[in-house]
Amino acid sequence: MEFPVDLNPQQRIAVDHGTGPALVLAGAGSGKTRVITYRIARLIQTGACRPENILAVTFTNKAADEMRERVHALLGPRRSAEPHISTFHSFCVRLLRRDIHLLGYRRDFSIYDADDQKRLMKQLLKEAGLSESELAPREAIGRISYAKNHRIPAHQYCAHFKAANSEETAELYRKYESRLRQSNALDFDDLLLKAVELLEQHPDRRDHYGNWYRFILVDEYQDTNRPQYEILRLLTSHHKNLFVVGDEDQSIYRFRGADIQNILRFEKDFPGARIIKLEQNYRSTDNILRVASAVVANNQERKGKVLWTRNPSGDVVTCHTGRSARSEAYWVCNRIEEILDEEPGTRIAILYRANFLSRNFEEVLRELRVPYAVVGSVAFFGRMEVKDMLAYLRIIFNPEDDVALLRIINTPPRAIGPTTVELLAKMAAERGCPLSAALADLSRDPARAGRAHRALAAFQSLLDRWASLRDTASPAELLRDIVRDTRYREMLERQESREEAESRMANVEELVRAALESGQRGETVFEFLDRASLASEIDSLDTAARVVLMTVHSAKGLEFDVVFLVGLEEGLFPHALSLDSARDLEEERRLCYVAITRARRKLFVTWTPMRRAIGPEGFVPASPSRFLD
DNA sequence: TAGCGAGGCTTTTTT
DNA sequence: AGCCTCGCTA
């Protein structure tokens, strides 16, 4: 293949960049994914580097898949080896599954997602005698996560944070960490942090991976956090071949630790870095672009790019004020009907700040019989029944996984109630052992008898049976056994309507199929579980859907012909929790910028004063978002 | 002591 | 739609 010529001068400079650090400041719609994929193809094609020595990092699995496909398309079918393209988290998991024993962990660790974290934290709050109204589990997790990402250990927590209940938080932090350790589990933060530790404490590993990955490319650099930055520094310490692409105006993940300073001070961190700006937008009409620029121009924390386009000016951006949340939804959905009537192939998105806003739009779309897809709230791997099945697998392969055990110990109900679970937890705490060990002992204790004991013994024998199959049966076979042995289907049919039970069982079947396929690809059970843990909602987005509903965060990196940005009210967008801080407000503004720049041809913005029926002091009508000005 | 139905409450953003 | 608590029953 002759190398493509459809690159503008700046893009070409970026693609042809040789060795050493480079920062590509790429405005929305300026072709940044294209630059990365072309560059990967170029490095391989010119022989500068073998494919397997390239590491490209993206933010979602979906982005990684797409990048892989595009590189394939550019290079054609001559498969010798593949460049390594994945998310930071998946990359770190791979590293850790191989080398984490060097840090004193076992390689069969479990991964705790947000839901698992919350369960663990609730348990800890209960043990500490704190009510959830004193300290919300999510709040506690958030603080601990912040401290971890800034490398502040529990015993130094109070010295850094002087909030009212920082002592309680520090104590929870200490217990949280020791419980994770004891459960042979890592949370999402740990996946990155342990990778940093590994590379820092074991220079031979750092050199090994650093030498292997000769060229490292990073997408969405503006959303990297501190541990991610450190991983990049460690891996590139010798060769400095770090090529990052990002847009400071699209940095929207501060709440989960992203540090916009990473992109703002790139030249300081990597002296001699080449800086390339991509300012020509190929996506949107000029009118849309001008609206976007006007919003984000109010920000201070910028490097300053001037986006421009050769596209036509297009329609003006329309703002609609709804009489109520419901009528806002009707207005939007009626416009959608009209648009699809005229041009059935149009790809349309309804974007909002918070998930719960989807409800009205979903209901109205259903009423009008317009097919749609929602991203969010209930992703496949987040479904109750799927998580139950995965918890069974986890406890079989990592018996120390307390959160998994607690999840399924009485699901389906098998007469192991709160009192019995409490007793197990007390035993485990006293002996400092995992719950499964306490369970095994208690269920085999000949001195005990009675109903509760019989229930425990029956459950233990189920666990023993599955454990004996662990090394011979495939995960898919195990899952089938679990469904059968636990009478899971019967539980669903007892608890829910027939339809509901059917659809949940269909999800379980789907999971079995996924396990089967994973096995056929030759993956281990851990690779299967890892993918389930790291899958995100956007990964499974059906790109064929004409109308999609999602949060603005989920929409980052996507584009649509027509965008409806809804719920533009003070307190909602910008969100009430961001109003006190200038930095948070800037992030809300960037979020708004992201939303606007998703649109190719048409943009509608809507709001309504009448969204919240109840406030603290009765009804309070909302004001239009400041972003509308 | 476990199970179950009723009823109230609540929703920032997520790898 | 999911989470919790409460009160009743076996």
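## Exercises: a DNA strand and two helix pairs

The surface near DNA strand B is made of 10 nonpolar, 11 polar and 5 charged residues (near means a heavy atom within 4 Å; Ala, Val, Leu, Ile, Met, Phe, Trp, Tyr, Cys and Pro count as nonpolar, Asp, Glu, Lys and Arg as charged, and the others, Gly among them, as polar). The model is predicted, so to speak of local features takes pLDDT of at least 70 and side-chain atom pairs count only at pLDDT 80 or more, while totals for chains, interfaces and linings use all residues. Residues are numbered from 1 along each chain as its sequence is written, chains are lettered from A and ligands numbered from 1 in the order in which they are written, and side-chain values use heavy atoms, with hydrogens and water left out.

### Exercise 1

Work out which residues and helices face DNA strand B, and which parts of the strand they meet.

**Solution**

1. Start with the neighbours: of the 26 residues around the strand, His89, Arg353, Ala415, Thr420 and Leu577 come nearest.
2. Now the helices (DSSP runs of H or I, at least four residues, numbered from the N terminus). Both α19 (418–431) and α26 (552–555) supply at least two residues, and α19 gives the largest share, 3 residues.
3. Flip to the DNA side: sugar or phosphate accounts for 59% of the strand B atoms within 4 Å of the protein, and bases for the rest.
4. Finish with polar contacts (N or O pairs within 3.5 Å). A polar backbone atom of Asn355 is 2.8 Å from a phosphate oxygen of strand B, and a polar side-chain atom of Thr419 is 3.0 Å from a phosphate oxygen. For His575, a polar side-chain atom sits 3.4 Å from a sugar or linking oxygen.

### Exercise 2

Describe how α2 packs on α3.

**Solution**

1. Get the geometry: α2 (residues 32–45) and α3 (residues 61–75) pack at about 50 degrees, with axes 9 Å apart (axes are lines fitted to C-alpha atoms over the stretch in contact, with angles from 0 to 180 degrees between N-to-C directions).
2. That angle makes α2 oblique to α3 (under 35 degrees is roughly parallel, over 145 roughly antiparallel, 65 to 115 roughly perpendicular, the rest oblique).
3. List the contact (heavy atoms within 4.5 Å): α2 residues including Ile36, Ile40 and Ile44 meet α3 residues including Val71 and Leu74.
4. Sort the contact residues: 9 nonpolar, 2 polar and 2 charged.

Technical notes:
Polar contact = N/O pair within 3.5 Å; in protein donor to acceptor, adjacent residues only side chain to side chain.
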